Amino acid sequence: MKGGHLQIVVCGAGPAVDVTNLVRTAQQRSWTVAITATPSAMDFIEPQPLEILTGHSVRSTYQSSPGTRRSLPATDALVIAPATYNSINKISLGLADNYAMTSVAELIGRQVPTVIVPFVNAALAARAPFRHALASLRDEGVRVLLGPDDQWKPHPPGSGNERQKAFPWVVAFETAAQLAHESRPATSGHT
């Protein structure tokens, strides 16, 4: 699929500083991009350069200005990356305690093709709540890039700084674009 609108939700983890890799990958394929950040992610990113790059404000809070559009823009795909242990568990449970989580809940509810790329250590990934969250999200049709098939796995505790350089930004976009293409209704070539 060439072109579309990608919504990115970035969470507070080391790879967040490199979210421009995802933005540029999407833009090189004629996609527009908007970024929403969890409150914790704001400590990892610099909104102004991202706003210049995307042409959209980085959202991290609700807007309460009168006359401001409150609904989400038309979105062809959603990528949540890097997704933290906390955010993945919240998303699975449908918790919407901040603007980013509310946006994610709504977009998944709208059946927007969604890709989550976790950035968790092996100790957290071994926890039953996390395993249940992944299974629940996959059952709901969310594509979670984690495991041998995705060539992305949890890192050993304490090794996140080394692992973040290998974060699969391009794979995240390509997977989202493919899901968006597959979800579009087929058009008939008959006249």
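This passage describes the salt bridges of a predicted model.

Under the distance criterion applied, five salt bridges were identified in the predicted structure. Three of the pairs are described here, namely Arg184 with Asp76, Asp97 with Lys90, and Asp150 with Arg143.

The side chains of Arg184 and Asp76 form a salt bridge with an N to O distance of 3.5 Å. Arg184 is located in the segment that follows helix H8 (169–183), whereas Asp76 belongs to the loop between helix H2 (47–54) and strand E3 (77–83); the pair therefore ties together parts that lie 108 residues apart in sequence. Arg184 has a relative accessibility of 42% and is accordingly classed as partly exposed. Its partner Asp76 is likewise partly exposed, at a relative accessible area of 25%.

A salt bridge also joins the side chains of Asp97 and Lys90, for which the N to O distance is 2.8 Å. Lys90 is classed as buried because its relative accessibility, 14%, falls under the 20% limit for that class.

In the pair formed by Asp150 and Arg143, the side chains meet in a salt bridge at 2.7 Å, N to O. The acidic partner, Asp150, is buried, with a relative accessible area of 15%. Arg143, by contrast, is partly exposed, and its relative accessibility amounts to 31%. This salt bridge thus links a buried aspartate to a partly exposed arginine, while in the pair of Arg184 and Asp76 the arginine is partly exposed and the aspartate is partly exposed.

Key
Residues numbered from 1 in each chain as written. Predicted model: local features only at pLDDT ≥ 70, side-chain atom pairs only at ≥ 80, totals over all residues. Heavy atoms only, no water. Salt bridge = Lys/Arg side-chain N within 4 Å of Asp/Glu carboxyl O. Helix = DSSP H or I, 4+ residues; strand = E, 2+ residues; numbered from the N terminus. Buried < 20%, exposed > 50% of the residue type's maximum accessible area, 1.4 Å probe, protein only.
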